[in-house]
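Open the model in your viewer and keep the selection tool at hand. The stops below follow one another, each beginning with something to select.

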Amino acid sequence: MTEGRQPLFRSGMIALVGRPNVGKSTLMNRLLGEKISIVSRRPQTTRHRVLGIHTTQAYQMVFVDTPGIHQSKRKINQRMVQAATTALEGVDAIVLVVEALHWTEGEDTILERLRQVDTPVIAVVNKVDRVNPRDKLLPYLDELQGRYAFAAIVPMAAYKGENLDPLLSELAACLPQGPALFPEDQITDKSVRFLAAELVREQLFHQLGQEVPYATEVVVDRFEETANRTEIQATIVVERESQKGIVLGKGGRRIKEVGSRARQAIEYLLQARVHLELYVQLRAGWSSDERALSELGFEE
Ligand SMILES: Nc1nc2c(ncn2[C@@H]2O[C@H](COP(=O)(O)OP(=O)(O)OP(=O)(O)O)[C@@H](O)[C@H]2O)c(=O)[nH]1
Ligand SMILES: [Mg+2]
């Protein structure tokens with residue numbers, strides 16, 4: 001499979017970590033040039049580790065997008081954070097994503113963990129498009145340098161796909177020589193079923209207010225590729241009876257809009273026509289129930 005490639009082919013795993021909402025998933029999608037991870041303006045959007053595989057003639061980088069690391073008493077959040085911290089083990093490099101000009105206790109806590117692993121850490125200072133004028137960034141970058149022995153510090157606007165090349169070269173230098181870990185045309189470890197469920201969940205994060213998105217999970221019940229379209233049936237799980245009505249909306253308008261936007265996104269992903277049917281189901285307190293979480297695919 002690596003025939004025809006450069007003799008010094010490199011490959012390895014790279015974890016993308018940081019506090020919630022700093023732009024880890026946006027960055028991974030940009031690095032891949034594909035949308036694998038869902039993105040929203042709300043924190044705690046990503047709930048699982050998601051691999052994004054980027055293969056060139058010279059290297060294969062396997063990015064691990066992770067949930068934002070934060071403190072919470074909720075069981076689901078604890079499993080999310082566990083998924084993120086597990087991703088720090090056995091990788092060849094770590095990208096710590098931070099927001100330009102915003103250093104918080106959250107970052108201090110993450111640095112504590114990074115000190116426990118012997119892996120090069122590259123800091124990506126994201127959302128620099130918000131810094132105006134740009135030279136306000138300089139003291140922040142200086143400060144950052146004093147906080148940790150970062151292998152490199154790369155300012156970036158992931159959102160616009162600016163400044164990706166310097167990051168890619170820094171990362172390539174961290175990878176060991178070796179054959180590709182995945183087939184070169186593979187872009188993720190996740191199934192299309194998982195990605196479809198995520199695209200529905202993304203719409204819930206976009207379209208529902210306050211705590212409701214955090215009380216929802218999406219399960220694909222049926223995924224069937226027929227000759228001319230893909231048929232998907234999915235259930236939106238909620239925690240409380242009152243949330244059912246919110247997800248449905250007046251006259252079913254909200255769920256219809258969620259379905260319509262999610263269908264378009266899934267069609268784009270699959271490059272195929274999609275028929276999407278959505279249902280809502282109450283599963284009382286699922287996000288704080290260990291068994292329900294395991295059944296819903298949250299690792300222990
Ligand atoms: N202005 C600006 N916004 C950005 C940039 N990168 C990401 N964002 C926005 O930041 C928000 C969070 O982005 P995500 O990629 O979901 O962040 P995340 O770190 O994966 O968040 P969690 O999965 O919740 O931990 C979204 O509204 C993005 O559009 C950037 O470079 N500039
Ligand atoms: Mg994310």
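Start with Ser 25 and Thr 46, both of which are buried, where buried means under 20% relative accessible area, exposed over 50% and partly exposed in between, computed with a 1.4 Å probe and protein chains only. Before going further, note that this is a predicted model, in which local features need pLDDT of at least 70 and side-chain atom pairs count only at pLDDT 80 or more, while totals for chains, interfaces and linings use all residues. Residues are numbered from 1 along each chain as its sequence is written, chains are lettered from A and ligands numbered from 1 in the order in which they are written, and side-chain values use heavy atoms, with hydrogens and water left out.

**The magnesium ion**

Now add ligand 2, the magnesium ion, whose protein donors are Ser 25 through OG and Thr 46 through OG1, at 2.0 to 2.1 Å. Donors here are N, O and S atoms within 2.8 Å of the metal (3.2 Å for Na, K and Ca), and since water is not among the atoms, sites may look incomplete. Ser 25 belongs to helix H1 (residues 24-32) and Thr 46 to the loop between H1 and strand S2 (50-55), so the two donors tie together parts that are 21 residues apart in sequence. Helices (H or I, at least four residues) and strands (E, at least two) are DSSP runs, numbered from the N terminus.

**Ligand 1 and its shell**

Select ligand 1 next, together with the 23 residues around it, of which Lys 24, Thr 26, Gln 44, Thr 45 and Asp 129 come nearest; a residue is counted as near if one of its heavy atoms lies within 4 Å. Which element gives the most to this shell? H1 does, with three residues. By type, the shell divides into seven nonpolar, 10 polar and six charged residues, where Ala, Val, Leu, Ile, Met, Phe, Trp, Tyr, Cys and Pro count as nonpolar, Asp, Glu, Lys and Arg as charged, and the others, Gly among them, as polar.

Three side chains are worth displaying here with distances to N or O atoms: that of Asn 126, 3.2 Å from a nitrogen atom of ligand 1, that of Lys 127, 3.0 Å from an oxygen atom of the ligand, and that of Arg 130, 3.5 Å from a nitrogen atom of the ligand. Taken alone, ligand 1 exposes 660 Å², and the protein buries 92% of that, the areas coming from the Shrake-Rupley method with a 1.4 Å probe, and for residues only the protein chains shown count as cover.

**Helix H1**

Colour H1 by itself: eight of its nine residues are buried, so the helix is largely enclosed by the rest of the structure. The buried residues of H1 pack against strands S1 (10-17), S2, S3 (59-65), S4 (93-99) and S5 (121-126), and against helix H5 (164-174), with contact meaning heavy atoms within 4.5 Å. Just after H1, Gly 33 takes a positive phi of about 70°.

**Arg 19**

Step back to Arg 19, in the loop between S1 and H1, which counts as buried at 15% relative accessibility. Its side chain is joined to that of Glu 107 by a polar contact of 2.7 Å, a polar contact being a pair of N or O atoms within 3.5 Å, where within protein one must be able to donate a hydrogen and the other to accept it, and residues adjacent in sequence count only if both atoms are side-chain atoms. Residues up to four places away in sequence aside, Arg 19 touches several others, including Lys 24, Gly 68 and His 102.

**Backbone features**

Most residues other than glycine have a negative phi, and most peptide bonds are trans. Select Asn 132 and Pro 133, which are joined by a cis peptide bond with omega of about -5°; Pro 133 is in the loop between S5 and helix H4 (137-147). Then go to Gln 210, which is not a glycine but has a positive phi of about 45°, in the loop between helix H6 (192-207) and strand S7 (217-225). Is Gln 210 buried or exposed? Gln 210 is exposed, with a relative accessible area of 67%.

**Gln 243**

Finish at Gln 243 in helix H7 (residues 241-248), which at 2% relative accessibility counts as buried. The side chain of Gln 243 reaches the backbone nitrogen of Glu 239 at 2.9 Å.
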